[in-house]
Amino acid sequence: MTQTVPTRPDLRTDAELQRQPEPRPRPVRRAAARGAIASMAMSGIRQFTTALGLVAKTPPESVIERTAPRMFHQIPVERRPALVEAVHWTYGAAGGAVFGLLPRAVRRRKWAGPVYGLLIWAAFETAIAPTLGLPRRKGTAVERVTLMADHLLYGTVVAASPWPHRDGPQT
């Protein structure tokens, strides 16, 4: 009689890993955390680019002013940047969680993060900003390229993981 020896999870082939159902909570939580961290990195870039005058007003600030003007203006002026950052980090965590829901075969590709960041930027430029009626300055090519670059950074950080293909136990 032949005995079947269970395989060790760390010795499974890529084909075996792809057939295994993927537990969602761990990759989603990790990607959400990376999304928040990526948004924090973007905030640093935006501090720099707004100080240089390349970006007039950050998109999170514009969105809050447009969607919740009363709440925004009730907050003391010196506290508004903290609200903008908290909202931006929340957006980033949510975007990261969505990245974590993508199939492992997509998430593990080197191009996945930067492409994901560009898709988020494109969605903001083509759908979110126009839908909310966010004001656009004339001659904003430099601003748009700057925002595109920080979304590339976002995607790169969201997808960063020493072992993106080992996001969770393979049961």
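Student: Is K57 buried, partly exposed or exposed?

Tutor: Keep in mind that this is a predicted model. Buried means under 20% relative accessible area and exposed means over 50%. K57 has a relative accessible area of 35%, so K57 is partly exposed.

Student: Which residue does K57 meet in a salt bridge?

Tutor: Side chains of opposite charge can pair when their charged atoms come close. Here the N to O distance is 2.7 Å. The partner's relative accessibility is 23%, so E65 counts as partly exposed too. The residue that K57 meets is E65.

Student: How many salt bridges does a search of the whole structure find?

Tutor: You've just seen the pair E65 and K57. R144 and E125 also meet in a salt bridge, and R46 forms one with D150. For the whole structure, the search finds three.

Student: How many residues apart along the chain are R46 and D150?

Tutor: The closest N and O atoms of R46 and D150 are 2.7 Å apart, and both residues are buried. R46 sits in helix 2 and D150 in helix 8, so to speak distant parts of the chain, linked by this pair. Along the chain they are 104 residues apart.

Student: Is E125 buried or exposed?

Tutor: E125 pairs with R144 in a salt bridge. R144 has a relative accessible area of 30%, which makes R144 partly exposed. For E125 the value is 13%, and the cut-off for buried is under 20%, so E125 is buried.

Student: What is the secondary structure of the chain?

Tutor: Read along the sequence, the pattern goes α-α-α-α-α-α-α-α. One of those helices is helix 5, with 22 residues from 80 to 101. The chain comes to eight helices and zero strands.

Student: Which residues are closest to the centre of the largest pocket?

Tutor: The largest pocket holds about 390 Å³ of space. It has 18 lining residues, and helix 2, helix 3, helix 5, helix 7 and helix 8 each give two or more of them. Closest to the centre are Y91, I120, F124, I128 and H151.

Student: Which residues make the nonpolar surface patch of about 370 Å²?

Tutor: Start with W111, in the loop between helix 6 and helix 7. Its relative accessibility is 49%, so W111 counts as partly exposed. The patch is made by V106, W111, V115 and L119.

Student: What distance separates the C-alpha atoms of V157 and I37?

Tutor: V157 lies in helix 8, and I37 is 120 residues away from V157 along the chain. Their C-alpha atoms are separated by 7.6 Å.

Definitions and conventions
Residues numbered from 1 in each chain as written. Predicted model: local features only at pLDDT ≥ 70, side-chain atom pairs only at ≥ 80, totals over all residues. Heavy atoms only, no water. Helix = DSSP H or I, 4+ residues; strand = E, 2+ residues; numbered from the N terminus. Expected span 1.5 Å × (residues − 1). Patch = residues over 30% accessible without salt bridge, like charges linked within 9 Å, V, L, I, M, F, W, Y side chains within 5 Å. Areas by Shrake-Rupley, 256 points an atom, 1.4 Å probe, with all protein chains shown as cover. Salt bridge = Lys/Arg side-chain N within 4 Å of Asp/Glu carboxyl O. Buried < 20%, exposed > 50% of the residue type's maximum accessible area, 1.4 Å probe, protein only. 1 Å grid on protein atoms, 1.4 Å probe; cavity = no way out; pocket = protein on both sides within 12 Å on 5 of 7 lines; lining within 4 Å. Points joined across faces, edges and corners; volume = space filled by probe spheres on them.
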